[in-house]
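Open the model in your viewer and keep the sequence panel visible. The stops below each name a selection and then say what is there.

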Amino acid sequence: MISFKHVSKHYPNGTTAVDDLSLELPEGDITVLVGSSGCGKTTTLRMVNRMVEPSSGTVSVGGRDILEADAAELRRGIGYVIQQAGLFPHRTILDNIATVPLLLGWGRRKARARAAELLELVGLPAGSGKRYPHQLSGGQQQRVGVARALAADPPVLLMDEPFGAVDPVVRTQLQNELLRLQSELRKTVVFVTHDIDEAVRLGDRIAIFRTGGHLVQCAPPAELLASPADDFVAGFLGAERGLKLLSLSTLAGLPQEPADDKGRWRLVTSGRGEPLGWRDTEGPDGDEAPLLPVRPLRDTDSLLSALDESLASPAGLVARVDADGVLTGVTGRDRIHEHAGRRHAEAGRTNASQAPDPDASVTA
């Protein structure tokens with residue numbers, strides 16, 4: 001869908017923002033561009049819609065060189081979301097969302113109807129459409145920004161650090177919302193961030209840049225975490241990249257056991273079979289003992305979540321449930337730790353293989 005072929009961007013003052021970039025961004029995927037300030041990730045994103053034009057090389061969208069397209073027409077066919085939403089303060093939320101459809105000649109009634117649909121799609125109440133941006137929270141404004149970018153149903157969505165200005169709780173909610181929308185819409189998304197945790201959570205592929213606009217590695221998150229290309233990538237991923245790798249693995253492959261006859265701790269369930277809590281049957285209160293909390297997990301939950309829950313559980317067991325929340329079995333702490341240890345060791349072995357050989361340095 002989006003292709004960079006030997007693309008560079010040089011400025012008159014001698015700065016090179018992007019240097020000989022060749023990169024293919026698959027259709028229907030979220031590709032995250034990540035790196036420190038000045039690495040060229042935002043310049044790369046803005047070249048897609050000609051807000052920045054390349055000095056050399058070819059950028060194409062849908063097989064067409066962007067320089068052969070009218071810039072205004074190109075931009076109307078590409079959704080664009082920026083930090084702090086960039087909404088028009090004097091327009092209502094509905095009119096903000098309807099901006100691009102109106103420019104495309106949809107007509108006011110059709111454009112506002114589309115805007116109303118998108119309010120629901122991004123999880124905002126219908127009544128918010130009559131409000132103005134200053135009457136919404138930061139997180140709500142970002143949702144409006146996403147809705148506006150989707151208004152004309154563009155195949156490509158550019159997102160330049162869209163969640164960077166909101167607090168961590170709202171940021172997680174917005175990330176979840178983006179993943180939900182993407183599961184339904186399958187847009188080709190280019191997402192810029194400096195936060196590697198956000199990149200791992202959202203990206204189908206992650207492209208890591210270093211200062212000077214050099215692409216160092218582009219790969220799916222699991223591959224990137226398990227096999228960083230060099231010390232720069234390993235350092236950027238951080239010392240806890242093994243734990244990040246666990247967040248990408250799920251419980252699906254781990255076997256379960258029946259929840260009964262587990263010794264001192266009994267898992268109490270509802271009439272429907274939903275886990276309610278752990279009871280200490282050997283305590284002074286016996287069967288009247290208060291229930292201790294249980295956090296049941298599904299097969300789709302991460303191995304990192306299972307590791308956390310196995311440590312928090314008084315029984316050392318993780319309760320497993322189906323899509324309806326009904327208990328299917330339990331998995332023991334030892335089995336989870338063993339599986340997690342293998343995944344963590346994979347990253348550790350890769351790290352060790354990239355470390356300099358101390359004997360070689362002495363010889364030198």
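Begin with residues 317–332, which take in the hairpin of β13 and β14. Five residues lie between the two strands of this hairpin, and glycine 325 has a positive phi near 85 degrees. The strands themselves, β13 at residues 317–321 and β14 at residues 327–332, pair in the antiparallel sense through five bridges. Pick valine 321 and look across to β14: leucine 327 stands opposite. The model you are looking at is predicted.

Now zoom out to the whole protein. The chain has 364 residues, of which 47% count as buried. Its secondary structure amounts to 14 helices and 14 strands. The C-alpha trace spans about 75 × 70 × 30 Å along its principal axes. If you count contacts with a separation of 6 or more, 62% of them join residues 24 or more positions apart. Switch on the surface: the accessible area is about 17,400 Å², and carbon and sulfur atoms make up 50% of that. Colouring by charge will show 40 positive and 47 negative side chains, with the centres of the two sets 8 Å apart.

Next, select the six strands of an open sheet, which follow the order β6-β7-β8-β3-β9-β10 with mixed pairing. At the edges are β6 (78–82) and β10 (214–219), each of which pairs on one side only. On average, neighbouring strands in this sheet are turned by 15 degrees against each other, direction ignored. As general background, strands of a sheet pair through backbone hydrogen bonds, in either a parallel or an antiparallel way.

Stay in this sheet and select β3 (residues 30–34) together with β8 (residues 188–193). These two strands run parallel and are joined by five bridges. One residue to label is valine 34, whose bridge partner in β8 is threonine 193.

Add helix α6, residues 138–150. This helix lies across β6 and β7, at about 165 degrees to β6.

Then select helix α1, residues 41–48. Which strands of the six-stranded sheet does helix α1 lie across? They are β3, β6, β7 (156–160), β8 and β9 (205–210), and the helix runs at about 150 degrees to β7. Helix α1 also lies across β1 (2–10), β2 and β4, with an angle of about 120 degrees to β1.

Those strands lead to the next selection, an open sheet of four strands in the order β2-β1-β4-β5 with antiparallel pairing. Its edge strands are β2 (16–25) and β5 (64–65), each pairing on one side only. Strand β4, residues 56–61, is joined to β5 by two bridges in the antiparallel sense. Label valine 61 and arginine 64 here: arginine 64, in β5, is the bridge partner of valine 61.

For the last stop, go to proline 133, in the loop between α5 (108–121) and α6. Is proline 133 buried or exposed? Its relative accessible area is 6%, so proline 133 counts as buried, the cut-off being under 20%. Show the residues around it: beyond neighbours within four places in sequence, proline 133 is in contact with Leu87, Phe88, Pro89, Arg91, Ile93, Asn96 and Gln141. Proline 89 lies 44 residues away along the chain, yet its C-alpha atom and that of proline 133 are separated by 5.7 Å.

How values were computed. Residues are numbered from 1 along each chain as its sequence is written. This is a predicted model: local features need pLDDT of at least 70, side-chain atom pairs count only at pLDDT 80 or more; totals for chains, interfaces and linings use all residues. Side-chain values use heavy atoms; hydrogens and water are left out. Buried means under 20% relative accessible area, exposed over 50%, partly exposed in between (1.4 Å probe, protein chains only). Contact means heavy atoms within 4.5 Å. Accessible areas come from the Shrake-Rupley method with a 1.4 Å probe; for residues, only the protein chains shown count as cover. Lys and Arg count as positive and Asp and Glu as negative; His and the chain ends are not counted. The place of a charge is taken as NZ of Lys, CZ of Arg, CG of Asp or CD of Glu. Two strands pair if DSSP finds at least two bridges between them. Axes are lines fitted to C-alpha atoms, for helices over the stretch in contact, and angles run from 0 to 180 degrees between N-to-C directions.
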